[in-house]
Amino acid sequence: MASNTLVSRPGSDARKAGRRRAQRPADLGRQRTLISPAQLGRTRGKAVYWIVFALVILLFTVAFLGPLYWMVTGGLKATQEVVQSPPTAFPSSIHTENYSRAWTVMDLSRLLFNTLYYAFGALAFQLVFDVAAAYSLSKLRPVFGKVILGMMLATLMIPATVLVVPQYLTVLDVPIFQRNLLNSPWVIWLPSVTNAFNIFLLKRFFDSIPRELLDAAAIDGASPLRTLRSVVLPISRPILGVVSIFAVVGVWKDFLWPMLTLPDPSKQTLNVGIYSLASGVPENVLIAALTIASIPTLLIFLLFQRNIMSGLTAGGLKG
Amino acid sequence: MSAPTLSPSKATRPRHGHAGPTRPNSAREEFLRTLRRNISAHGFLIGAVLCFSFFSWYPMVREFILAFQKTENGKTTWAGWSNLSYVVNDPAFWQAWRNTLLFSALALVFGFAIPFVVAVVLNEFRHGQGYLRLLVYLPVMLPPVASVLLFKYFYDPGYGLFNRILEIFHLPAQQWLQDTDTAMLSVVIAATWMNMGGATLIYLAALQGIPGELYEAAELDGAGLLRKIWHVTIPQTRLILSLLLLMQIIATMQVFTEPFLLTNGAGPEGSTTTVVYLIYQYAFNFNNYGSAAALGLVLLVVLAGFSAVYVRLSRNSED
């Protein structure tokens, strides 16, 4: 419950804020926090506020944007300039060819394509299987549904790293099917479905959809699949967005599993490929490659930051 | 599903004990309907259940079996407790645990306390909150290889940025990752930078849920800034603080990627060898799956206690 109210907060807050702003323009329409508005209203309070604010803005920009700046400009520096001491803040001459060299030498197009392929494949599998499972557990309520959900949630209790070894041995020789999944995209896609947390998040959202809506669809003669497609999914767009972003970012950020299961260099992900080639290329080319590898997830973040942050707080509280 | 609901028997459906002349017939109908409902419900579940069976549940069972088995020359034999005693008697075992606990302790000081302080400060700001929130979460979205190799470059004793900063403040230069004393600290600093965004945003959401009247009441009682934090802020966010604390303990004790990428896993004289890295080494460098699984079980037992408390707390938060 707590997370639902948190997710819905931005809208209701804005409304409340609007009302309050009309009454008390000095307060800028925010909720009362640690430091009282009266204290902030005084000259000394104002001065302290602005000094602390300026310091924090400066510190944060340096601490979190600084390294990114260093990365982008480091990729533009000449080979000697990157490893010279003291380091320079601005590249003395611009070498954009580092980026094109990184692109060809480290075969970034291949690595980028692989990562995208794995990420969106994993997204598709998660959307189909996890949504179907959550819908079934929430609305169709099969026998043993509770047991199955419990067993899925139990996997959250086992530290993920403990399972890496037996999981690796399993994909070497999948029981019954007798298949070796090493170096195939299935090795990323299929285990990504076992995301109990996503199923839990989706199920909780589906639980909040009123029963009457589904009954109405059933009376109109809709099959469960049809109901899922035409009633449940359109309402669930926000949660589907959150789950999708986390699915893609999860694959993008994973390191250990793809390193173990995709040993073939032509099948590797960005993380693994860049890591294994890192020692063989000059520093400036490597840094350029890091910049290129970072762009996709940074873009996703800048485009979807609102969904990511609301999903994070929804997930974090229930973890 | 639709046909039975429209059948005439629906209107006179015998409800619990209303036995009529049509009873055998509608009981069969009822049974068929339940059966059909369950078939479709389990149909929706099957994809996820299969994935869980192969990639979660089966590996979970296998982890336990592996821990008591030995594989030599392709022959698997029952090993009893010998894997476990081998693992415990390995001198690396205690070193890995010491390192892991050191990492967890340092990571908690940095990764648990700093985000809380940051969140409390950010929550006071009437301006620029969106920008600051964006900044702290930015590193979380970077591929780990990018942040890690970037930090490796900063840590370089020769041309690294960090020694340059120390120099500006007239502090002695450090060997960072190359020194047994500072290696783990360096790993923690990098890991904190990479991961603190999530915790900060969750704290911020929690802080925004504190009713402002509590602060007003505390002020009327003459409480200063620190006492307001101690008596209002912390008690009001206690549940989320403790959930995140447990989550962080569970996560930091499984640390692998950061030390693996920053110091090739072991570090100078094994000063950054963590338990999970030791598992990795047993399994993938020495092909000793039995010992890897046995050490995994030890980790599992240690973390199970924390997981149990976590589940307990988060269930309480739901009520």
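**Figure 1. Asp207(A) and Lys203(A) share helix H11 (residues 196-207) of chain A, where they sit four residues apart, about one turn of the helix.** In this predicted model, the two side chains form a salt bridge in which the closest N and O atoms are 3.0 Å apart. In general, side chains of opposite charge can pair when their charged atoms come close. An α-helix has 3.6 residues a turn, so residues three or four places apart point the same way. The partners differ in their burial class, because Asp207(A) has a relative accessibility of 33% and counts as partly exposed, whereas Lys203(A), at 16%, counts as buried. Over all chains, the structure holds six salt bridges, and two others among them are shown in the next two views.

**Figure 2. Within helix H2 (residues 23-67) of chain B, Arg33(B) and Glu30(B) are three residues apart, about one turn of the helix.** Their side chains meet in a salt bridge with an N to O distance of 3.5 Å. Arg33(B) is buried, its relative accessible area being 16%, while Glu30(B) is partly exposed, with a relative accessible area of 33%.

**Figure 3. Asp264(A) and Lys267(A) are joined by a salt bridge.** The closest N and O atoms of this pair are 3.8 Å apart, which still counts as a salt bridge because the cut-off is 4 Å between a side-chain nitrogen of Lys or Arg and a carboxyl oxygen of Asp or Glu. Both residues are partly exposed, with a relative accessible area of 26% for Asp264(A) and a relative accessibility of 31% for Lys267(A).

**Figure 4. Val143(A), Phe144(A), Val147(A) and Met151(A) make a nonpolar surface patch of about 400 Å².** Val143(A) belongs to the loop between helix H7 (108-140) and helix H8 (145-157) of chain A. With a relative accessible area of 47%, Val143(A) is partly exposed, and it can therefore take part in such a patch, for which a residue needs over 30% relative accessible area.

**Figure 5. Asp107(A) and Arg141(A) are two loop residues of chain A with positive phi, although neither is a glycine.** Asp107(A), placed in the loop between H6 and H7, has a phi near 55 degrees and is partly exposed, with a relative accessible area of 37%. Arg141(A), in the loop between H7 and H8, has a phi of about 45 degrees and is likewise partly exposed, its relative accessible area being 47%.

**Figure 6. Asn98(A), a residue of helix H6 (residues 97-105) of chain A, is shown with the residues that it touches.** At 3% relative accessibility, Asn98(A) counts as buried. When residues up to four places away in sequence are not counted, Asn98(A) touches Gly75(A), Leu76(A) and Lys77(A), together with Asn284(A), Val285(A) and Ala288(A).

**Figure 7. Helix H14 of chain A covers residues 237-253, which makes 17 residues.** From its first C-alpha to its last the helix reaches 24 Å, close to the 24 Å expected at 1.5 Å a residue. The buried residues of H14(A) include Ile239(A), Leu240(A), Val242(A), Val243(A) and Ile245(A). Ser244(A) and Trp252(A) are also among the buried residues of this helix, as are Ala247(A), Val248(A), Val249(A) and Val251(A).

Definitions and conventions:
Residues are numbered from 1 along each chain as its sequence is written. Chains are lettered from A and ligands numbered from 1 in the order in which they are written. This is a predicted model: local features need pLDDT of at least 70, side-chain atom pairs count only at pLDDT 80 or more; totals for chains, interfaces and linings use all residues. Side-chain values use heavy atoms; hydrogens and water are left out. Patches are made of residues with over 30% relative accessible area and no salt bridge: like charges are joined within 9 Å, nonpolar side chains (Val, Leu, Ile, Met, Phe, Trp, Tyr) within 5 Å. Accessible areas come from the Shrake-Rupley method with a 1.4 Å probe; for residues, only the protein chains shown count as cover. Helices (H or I, at least four residues) and strands (E, at least two) are DSSP runs, numbered from the N terminus. Buried means under 20% relative accessible area, exposed over 50%, partly exposed in between (1.4 Å probe, protein chains only). Contact means heavy atoms within 4.5 Å. The expected span of a helix is 1.5 Å times one less than its number of residues.
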